[in-house]
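Subject: Structure for you to look at

Hello,

Here is the structure I said I would pass on. Please open it beside this email and follow along; my notes come after it.

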Amino acid sequence: MSKISDKDIEKNRYDKIAHKKIKLLDVDTNNKNYFGQDTVKESLRDPYMLYEDSVRAMLSPGTNCLELGSGDGRFTRLLLESGSDVHCLDISKISNKINQKKNKSYKNLTTHEGDIERMPFPDNHFDFIVNAGSLSYGKKILVKNEILR
């Protein structure tokens with residue numbers, strides 16, 4: 001019997017969550033409770049508020065931006081609203097579908113299924129790489145090397 005990797009366990013867990021969420025999205029994709037710091041418990045919001053302020057200050061129209069571990073897009077809209085060309089990388093195909101559905105009115109979104117330890121992009125392809133909390137899902141040195149290449 002083969003052992004399931006930690007990464008596959010996490011992918012399966014996120015896919016299960018995404019299956020439940022995708023059904024709810026047929027109601028209202030503009031509900032602010034689907035996006036940004038409003039999706040985080042109030043006691044944990046401070047770092048996300050700082051993240052959002054920093055991102056707003058850095059991004060501008062035409063910037064080529066990669067969001068790592070974008071999940072269901074809870075922080076993607078912030079990037080899209082800047083006018084940046086936003087590429088979202090997530091290990092979960094279903095989470096990517098939710099992200100696309102939540103942000104369907106934006107033409108500057110491209111989602112990619114992939115691993116943050118082996119990103120499917122050429123070197124020096126992005127102006128900015130952002131992340132709101134999923135870096136710990138990869139091996140530190142591999143993720144760091146991918147971000148820096």
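Which residue forms a salt bridge with Asp115? The partner is Arg118, and the closest N and O atoms of the two are 3.2 Å apart. Before going further, note that this is a predicted model.

The two ends of that salt bridge sit in unlike surroundings. Asp115 has a relative accessibility of 10%, and because anything under 20% is called buried, Asp115 counts as buried. Arg118 has a relative accessible area of 58% and is exposed.

**Other salt bridges**

In general, side chains of opposite charge can pair when their charged atoms come close. With the cut-off of 4 Å between the nitrogen and the oxygen, the count for this model is 7 salt bridges.

Another of them joins Glu146 and Arg149, with 3.0 Å between the closest N and O atoms. Glu146 is buried, at 15% relative accessible area, while Arg149 is partly exposed, at 26%. Elsewhere, Glu52, Asp53 and Arg56 are joined into one network by salt bridges that share partners.

Within this network, Asp53 and Arg56 form a salt bridge whose closest N and O atoms are 3.5 Å apart. Where do Asp53 and Arg56 lie relative to each other? Both are in helix 2, which covers residues 45-58, and they are 3 residues apart, so about one helical turn separates them.

**The chain as a whole**

The chain has 5 helices and 4 strands. Their order along the sequence is α-α-β-α-β-α-β-β-α. The chain has 149 residues, and 39% of them count as buried. Its exposed area is about 9,100 Å², of which carbon and sulfur atoms supply 54%. If you take the contacts between residues at least 6 apart in sequence, 60% of them join residues at least 24 apart.

**The sheet**

How are the 4 strands arranged? They form an open sheet in the order 3-2-1-4, with parallel pairing. Strand 3 (109-113) and strand 4 (128-131) are the edge strands, each pairing on one side only. From one strand to the next, the twist averages 25°.

As background, strands of a sheet pair through backbone hydrogen bonds, either parallel or antiparallel. Strand 2 and strand 3 pair in the parallel sense over 5 bridges. Here Leu89 stands opposite His112 in strand 3. Helix 4, residues 93-102, lies across strand 2 and strand 3 and runs at about 170° to strand 3.

**Asp90**

One residue of strand 2 deserves a separate look. Asp90 is found in this strand, which covers residues 85-90. Is Asp90 buried or exposed? Its relative accessibility is 9%, so Asp90 counts as buried.

A polar atom of the Asp90 side chain lies 2.6 Å from the backbone nitrogen of Gly71. Leaving aside neighbours within four places in sequence, the residues in contact with Asp90 include Gly69, Ser70 and Gly71. Ser95 and Asn96 are also among them, as are His112, Glu113 and Gly114.

A good way to begin is to find Asp90 in strand 2, and then look for Gly71, whose backbone nitrogen lies 2.6 Å from a polar atom of the Asp90 side chain.

Regards

Key. Residues numbered from 1 in each chain as written. Predicted model: local features only at pLDDT ≥ 70, side-chain atom pairs only at ≥ 80, totals over all residues. Heavy atoms only, no water. Salt bridge = Lys/Arg side-chain N within 4 Å of Asp/Glu carboxyl O. Helix = DSSP H or I, 4+ residues; strand = E, 2+ residues; numbered from the N terminus. Buried < 20%, exposed > 50% of the residue type's maximum accessible area, 1.4 Å probe, protein only. Polar contact = N/O pair within 3.5 Å; in protein donor to acceptor, adjacent residues only side chain to side chain. Contact = heavy atoms within 4.5 Å. Pairing = 2+ DSSP bridges. Axes fitted to C-alpha atoms, helices over the stretch in contact; angles between N-to-C directions. Areas by Shrake-Rupley, 256 points an atom, 1.4 Å probe, with all protein chains shown as cover.
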